[in-house]
Amino acid sequence: MIDVAVVGAGISGLSIAYHLKKVGLEVKVFEKEDTVGGNIQTAYIDGYVCELGPQTILADSKVEEFLKDAGIKPIYANPSSKKRYIYRKGKLVALPLSPVEFLLSPFLSIGGKLRVLKEPFVPRSPKHEESIAEFVRRRFGREFLDYVIAPFVSGVYAGDPEELSVKYAVRKVYELEQKYGSVIKGAIKLKALGPSGKLISFEGGNATLIRKLSEGLEVHKENVVLRIRRKDDIFILDTKKGKVSAKAVVVSTPATSTGYLLRDLSWSISEEFDKIYYAPVLVVHVAVKSGTLPEGFGFLVPKKENKRILGVIFSSNLFEGRSPEGKSLITVYLGGATDPEIIEYEDEAIVSVLERELRDTVDIRDWDLLKITRWKKGIPQYTVGYGRYLELANSIEMEQPGLFLSGNYLYGVSVADCIRVSHHIAKRVIDFLEVKGRTVV
């Protein structure tokens, strides 16, 4: 019998397993695929470093502490990455980085800017929960929603702001209104007008993070867990390669897989997790000549502009060594909750869309296709009413002591979110085993 079985070798499972192994627990990680990392995958194509999933990590102090403790050295994005663009009316408009730039920037009309400046005087909503779109229209106006927030939601969630919950998808923004009565007042009070942290990656790409975390762990690849049962105080996992007994189990798989694994522990809850919607994401890597791209991180495309591209990241602008000499790498995102059908397009149809829209947005006419990646279940959508899934997760953990759930469908979709919460979940596992008589080193 082992102390802890971790099901799923994505960033959540690996980070939790790292913490548990560090304190001397016997931990085994089970992964159904022949690779680890979940959607953190890096492809190396003719000298290009192509991130097939997350491009960067926004690392705050907690993430940096985790990496330092694990002996994993990050690399930091070029300072120019702070410059970002919105595509509007046929050209790229830089997002303002200060209040003065906001007043002078053409990215919003005069009327749109005045509406934003009224935000501190807008009362709280009487509704218990709003969509992001409802919240932003009420507090900042329609133009700010269309040209700032909707593209941001596409960039982070590949989501639809009309469907996503402000309370669960952007909790910090929701809490600013709850605590201060105004997002702007709260941001000024906290001296935080945007997400905090530094953009990082790793030599060789984000796959380096996964590889280094895996090195010190016992990871059983291509060993799918078929069933999780409980007998007395012990969990029994039926795996492809045999049975495993464990005192505690961490399930860190996507929601649909989690639902399947929980069916013997709670059929009703497992069925609910099957309902969580994941937006499909199409990721296309493209090579262009050096000097083709403007300075900066990349650009987002508002739905109002009637394009199918959600956004483009200038990948080789961010970190050195991401493309061969004389070439630049860009990563194009399409699909999402507002355009899910494009995930089923043949490669030729996708290339046709790119030929037209790269020309229209950044006047790129000469480019080479490197890779098309389809994530049919890309990013979980924290829709209005999403709190019920958090309550269900808490409920089954209480009903089944020693069972712990994790993953980007619960505590935030970003890599940084998964790393931050891993410490909290690992501590709960350790506390549980101590209660059961385990002395933690």
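The questions and answers below cover confidence, one helix pair, a pocket and a cavity in a predicted model.

Residues are numbered from 1 along each chain as its sequence is written. Local features need pLDDT of at least 70 and side-chain atom pairs 80 or more, while totals for chains, interfaces and linings use all residues; side-chain values use heavy atoms, without hydrogens or water.

Biologist: Over which residues is the pLDDT below 50?

Modeller: The chain has a mean pLDDT (the predictor's confidence in each residue, 0 to 100) of 94, and 98% of its residues reach 70 or more. Where pLDDT is low, the predicted coordinates should not be read in detail. One stretch has eight contacts (heavy atoms within 4.5 Å) beyond near neighbours in sequence, yet its pLDDT is below 50: residues 437-441.

Biologist: How are H8 and H9 set relative to each other?

Modeller: Helix H8 spans residues 171-180 and helix H9 residues 183-190 (DSSP runs of H or I, at least four residues, numbered from the N terminus). Their axes (lines fitted to C-alpha atoms over the stretch in contact; angles from 0 to 180 degrees between N-to-C directions) lie 8 Å apart at about 95 degrees. The range from 65 to 115 degrees counts as roughly perpendicular, so H8 and H9 are roughly perpendicular.

Biologist: How many charged residues are in the contact of H8 with H9?

Modeller: H8 brings Val173, Leu176 and Tyr180, and H9 brings Val183, Lys185, Gly186, Ala187, Lys189 and Leu190. With Ala, Val, Leu, Ile, Met, Phe, Trp, Tyr, Cys and Pro as nonpolar, Asp, Glu, Lys and Arg as charged, and the others as polar, the contact has six nonpolar residues, one polar and, as charged, two.

Biologist: Which helix gives the largest share of the lining of the second largest pocket?

Modeller: This pocket (an open set of 1 Å grid points with protein on both sides within 12 Å along at least five of seven lines; lining residues have an atom within 4 Å of a point) has a volume (space filled by probe spheres on the points) of about 290 Å³. Of its 13 lining residues, His19, Lys22, Phe66, Asp69 and His423 are closest to the centre. H1 (11-22), H2 (61-70) and H16 (415-435) each supply at least two lining residues. The largest share, six residues, comes from H16.

Biologist: How much space lies in the largest cavity?

Modeller: The structure holds one cavity (points where a 1.4 Å probe fits but cannot get out) of 30 Å³ or more. Val49, Glu51, Gln55, Ser315, Phe319 and Arg322 line the largest cavity. Its space is about 40 Å³.

Note on methods
Angles under 35 degrees count as roughly parallel, over 145 as roughly antiparallel, 65 to 115 as roughly perpendicular and the rest as oblique.
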